[in-house]
Amino acid sequence: MTFEKIPYKIYLTEDEMPMNWYNVRADMKTKPAPLLNPATGTPMGFDDLRPVFCDELIRQELDNDTREIPIPQEIRDFYKMYRPSPLVRAYCLEEKLQTPAKIYYKFEGNNTSGSHKLNSAIAQAYYAKNQGLKGVTTETGAGQWGTALSMACSYLGLDCQVYMVKVSYEQKPFRREVMRTYGAAVTPSPSDTTSVGRAILKEHPGTTGSLGCAISEAVEAAASQPGYRYVLGSVLNQVLLHQSIIGLEAKAALDKYNIVPDIIIGCAGGGSNLGGLISPFMGEKLRGERDYQFIAVEPASCPSFTRGKFAYDFCDTGKVCPLAKMYTLGSNFIPSANHAGCLRYHGMSPVLSELYHEGLMEARAVEQTKVFEAAEQFARVEGILPAPESSHAIRVAIDEAMKCKETGEEKTIVFGLTGTGYFDMVAYEKFHNGQMTDYIPTDAELEASFAQLPKVPGQD
């Protein structure tokens, strides 16, 4: 038997790009729990969500049964500017590690936003434009989502208002300026421009913010302006749906060379990248067609999966959003200001939370100094400066490859390289200067946050 040499980069043609998004919920025996109205505790339907979200996105959010949802031609045409993205065989990394493992990464950084976030940003902006809206509001942490949404809105002629987590606003001015280049208005959060922002500042004076804070402000801003809706870059079912193009392309590229991965690894903050990467592979597992080992990698300073509770919680710190059943650290949890590795959200996607709860995937928490060690090692041999978020996946991919070195197993590892780290140089600088520490929340801190979880009937 002869084996075809696997190229360093596996590219699909434009014609091979997926025409449909894949909805993993259709294959889940236990569906994610519904969003609840915090005032009544009852499931929220289409009409309940209309004041906040775009109509078509609500339909996608609530659709647990349609396996494939067509990607509109206009979105597919936009995708062609930077997709299909390459699946890369990390030959150089394998050589440096001297591991028998075969390592692949799906690289999503080939666009100005520098990450996978554009996959959902253009979809959400498209549906807002089709609805005749004037603009959208959103939050952003490291700035990748805000950058992506500002690009999409600029392309479609929509106004874009971004509430950026204050610590990132201050540490990543260039990401902020890219957003402004694309016409977005960027406000550090929490701010005094919204009532919820002022309340958070009163309760947490001097806070450096969190995604939960920024979400609250963005939702209030959307609700208070006619012709605006709120859009979110992660967590929601609709976002994981749009991001499934990552996994669909990765699987198509692997199938070209009859490659079957053993381990699939993704960083996990709110879940957009991880959910997008694993979705078609998880579908095979759910249908009993194949088995894979899935590993979610999160920061030890914001460990939703590994130390959180599976419970209904507010999606935001200001408690103006619906309740979602997810692995959460509590909506009041704000990561340490020294946490530079991003992935700062207090909760996790309800879809991924349900899959994790059922034991279909595992999770690991890693310290940020070890994350940046892996980032530097990767950059030196693969020639890409990775985003801090992506570097969580790199850390565990290297760890798994080294296990193979010990055992002699030739496992195939696939991980998601969500984007580039060229706007994250303050974090790299802190690492190189020895100023980065590994703050890990204590059990007492987490218990104090858990004590404030909302009281929902049937929830402990």
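This is a short talk on the fold of one protein, and the model I am showing is predicted.

I'll start with the overall picture. The protein has 18 helices and 15 strands. Along its principal axes, the C-alpha trace spans about 65 × 50 × 50 Å. For 460 residues, a compact globule would have a radius of gyration near 23 Å, and this protein has 21 Å, which agrees. Of those 460 residues, 63% count as buried. If you take the contacts between residues at least 6 apart in sequence, 77% of them join residues at least 24 apart.

Now the sheet. Seven strands form an open sheet in the order β1-β4-β5-β15-β10-β11-β14, and the pairing is mixed. Which strands are at the edges? They are β1, residues 9–10, and β14, residues 362–366, and each of these pairs on one side only. β1 runs antiparallel to β4, residues 87–89, and two bridges join them. If you want to find that place on the screen, look for Lys9, which stands opposite Val88 in β4.

Two helices come next, α12 and α16. Helix α12, residues 272–286, lies across β5, β10, β11 and β15. Its direction is at about 155° to β10. Helix α16 covers residues 388–407 and contains Ala397. Ala397 has 1% relative accessibility, so it counts as buried. Leaving out residues up to four places away in sequence, Ala397 touches Ile265, Ile413 and Phe415. Ile265 falls within β10, residues 263–267, and both Ile413 and Phe415 fall within β15, residues 412–417. Tyr345 is 52 residues from Ala397 in sequence, and the two C-alpha atoms are 23 Å apart.

On to helix α10, residues 211–223. How far apart should its ends be? At 1.5 Å a residue, its 13 residues should span 18 Å, and the end C-alpha atoms are 18 Å apart, which agrees. Eleven of the 13 residues are buried, so the helix is largely enclosed by the rest of the structure. The buried ones include Leu211, Cys213, Ile215, Glu217 and Val219. What covers them includes the strands β6, β7, β8 and β9, along with helix α9.

Glu217 is a glutamate on that buried list, and there is another buried glutamate in helix α11, residues 237–256, namely Glu249. Its relative accessibility is 0%, so it counts as buried. Again leaving out residues up to four places away, Glu249 touches Leu12, Met17, Pro18, Arg83, Pro84, Ser85 and Lys106. Of these, Lys106 belongs to β5, residues 102–107, one of the strands that α12 lies across.

Last, the cysteines. A disulfide is a covalent bond between the sulfur atoms of two cysteines. How many are there here? A search of the whole structure finds zero. Take Cys213, in α10. Its closest cysteine sulfur is in Cys321, and at 12 Å that is too far for a bond, since the cut-off is 2.5 Å. For Cys321, the closest cysteine sulfur is in Cys315, at 5.8 Å, also too far for a bond. Both residues are buried: Cys213 has a relative accessibility of 0%, and Cys321 has a relative accessible area of 7%.

That is the end of the talk.

Technical notes. Residues are numbered from 1 along each chain as its sequence is written. This is a predicted model: local features need pLDDT of at least 70, side-chain atom pairs count only at pLDDT 80 or more; totals for chains, interfaces and linings use all residues. Side-chain values use heavy atoms; hydrogens and water are left out. Two strands pair if DSSP finds at least two bridges between them. Helices (H or I, at least four residues) and strands (E, at least two) are DSSP runs, numbered from the N terminus. Contact means heavy atoms within 4.5 Å. Axes are lines fitted to C-alpha atoms, for helices over the stretch in contact, and angles run from 0 to 180 degrees between N-to-C directions. The expected span of a helix is 1.5 Å times one less than its number of residues. Buried means under 20% relative accessible area, exposed over 50%, partly exposed in between (1.4 Å probe, protein chains only). The radius of gyration is taken over C-alpha atoms; the globule rule is 2.2 Å times the number of residues to the power 0.38.
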